[in-house]
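Me: I would like a close look at a single part of this structure, taken slowly and with the cut-offs spelled out.

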Amino acid sequence: MKLNLFIKNKCDFCKSIIIPEEIDINVVNVEDDSYNGYVPDHVPMLQCNGVSMSPPHMITELLNLIKAGQDGLFKKKVKA
């Protein structure tokens, strides 16, 4: 599963997204001269497995949720 975050230059909403260091995410600047792919109708846009998400506060919350899962927050406690 690969996360793609589409952003633009001079985008205050894009700059407001906080990406935890532990998250493997592909940040794509759609205004980069070398980029020649999909450009969402609006940015920032997070995509994963065909599912798209915005606005920025929801993207940040989802990334924090993924990190919490990696840290074991949702791991089922087994009774001894």
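Which residues of α2 are buried, and what surrounds them?

Reply: This is a predicted model, in which local features need pLDDT of at least 70 and side-chain atom pairs count only at pLDDT 80 or more, while totals for chains, interfaces and linings use all residues. Residues are numbered from 1 along each chain as its sequence is written, and side-chain values use heavy atoms, with hydrogens and water left out.

Helices are DSSP runs of H or I with at least four residues, strands are runs of E with at least two, and both are numbered from the N terminus. Helix α2 covers residues 56–70, and because the expected span is 1.5 Å times one less than the number of residues, its 15 residues should span 21 Å, which agrees with the 21 Å between its end C-alpha atoms.

The buried residues of α2 are Pro56, Ile59, Thr60, Leu63 and Ala68, where buried means under 20% relative accessible area, exposed over 50% and partly exposed in between, with a 1.4 Å probe and protein chains only. These buried residues pack against α1 and the strands β1 (3–7), β2, β3 (45–48) and β4 (51–53), a contact being heavy atoms within 4.5 Å.

Towards the end of the helix, Lys67 and Gln70 are touched by Glu22, leaving aside residues up to four places away in sequence. Glu22 lies in the loop between α1 (12–15) and β2 (25–29), and it counts as partly exposed because its relative accessibility is 46%. Just after α2, Gly72 adopts a positive phi of about 90 degrees.
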